[in-house]
Amino acid sequence: MLTVDFSRFPLAAGDRVLDLGCGAGRHAFECYRRGAQVVALDQNGEEIREVAKWFAAMKEAGEAPAGATATAMEGDALALPFPDDSFDVVIISEVMEHIPDDKGVLAEMVRVLKAGGRIAVTVPRYGPEKVCWALSDAYHEVEGGHIRIYRADELLEKMREAGLRPYGTHHAHALHSPYWWLKCAFGVDKDGDEAPLPVRAYHKLLVWDIMKKPLATRVAERALNPIVGKSFVAYATKPHTPREDQA
């Protein structure tokens, strides 16, 4: 399940990509399939080890084209272990709402992004997220949990202040908002067989939708995304400096 829309965020074979706070690796895997040179970075060592296993399995299965590379590594988003201007593309998906120094993270991403490079930032959308916070303290009052809710204009302004030039936005995952409202209403810590029937039933619907991608739910989600899309997605470029333009 991708949050970044690659039809709006072009990726060329050979692009050097940083998936920052990669989690389970969903965007990193897609970039690898598209022929990129991918670095998936996260502070969670357990998740990074799993991502590395999947990279190896993808290579063994021939899922990535010739020339594509993939590396999984632990790291700190506020102190990235890369030189300036290292990447053509940076993706940070559902991460910034967890980090107190979000301006510091943006500064680091801009530092390692090449001039003319592209960045995709996704965060929980303000409206659906406010509902989750209202329904459940446990949803956000946990170690490593969400510490802020972004308004779209606030995030875009922070991106501009960091030196980026936003060029597009959209919302994603409308069908997931009701699932999280149910989770928050019935108990976010209740999973699997312990989850109440409405939560289990809706989860089965989401799994079916992800696996089968039926036309009816695709159309419904596209129609509902502007209204209750769970994620807000912003795309931006790092402008060339005047000196670079004259070179």
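Why is helix H1 (residues 26-33) largely enclosed by the rest of the structure? The views below belong to a predicted model, in which local features need pLDDT of at least 70, side-chain atom pairs count only at pLDDT 80 or more, and totals for chains, interfaces and linings use all residues. Residues are numbered from 1 along each chain as its sequence is written, and side-chain values use heavy atoms, with hydrogens and water left out.

**View 1. The surroundings of helix H1 (residues 26-33).** Helix H1 is largely enclosed because 6 of its 8 residues are buried (under 20% relative accessible area with a 1.4 Å probe, protein chains only). These are His27, Ala28, Phe29, Glu30, Cys31 and Tyr32. Their cover includes strands S1 (16-20), S2 (37-42), S3 (69-74) and S4 (87-93), together with helix H2 (45-61). Helices (H or I, at least four residues) and strands (E, at least two) are DSSP runs, numbered from the N terminus. Just after H1, Gly35 adopts a positive phi of about 95°.

**View 2. The packing of H1 and H2.** The axes, lines fitted to C-alpha atoms over the stretch in contact, lie 11 Å apart at an angle of about 25°. The two helices are therefore roughly parallel to each other (angles under 35 degrees). Ala28, Phe29, Tyr32 and Arg33 of H1 meet Val51, Trp54, Phe55, Met58 and Lys59 of H2, contact being heavy atoms within 4.5 Å.

**View 3. Ala56 in helix H2.** Ala56 counts as partly exposed, at 47% relative accessibility (between the buried limit of 20% and the exposed limit of 50%). The C-alpha atoms of Ala56 and Thr71 are separated by 9.6 Å, and the two residues are 15 residues apart along the chain.

How values were computed
Axes fitted to C-alpha atoms, helices over the stretch in contact; angles between N-to-C directions. Parallel < 35°, antiparallel > 145°, perpendicular 65-115°, else oblique.
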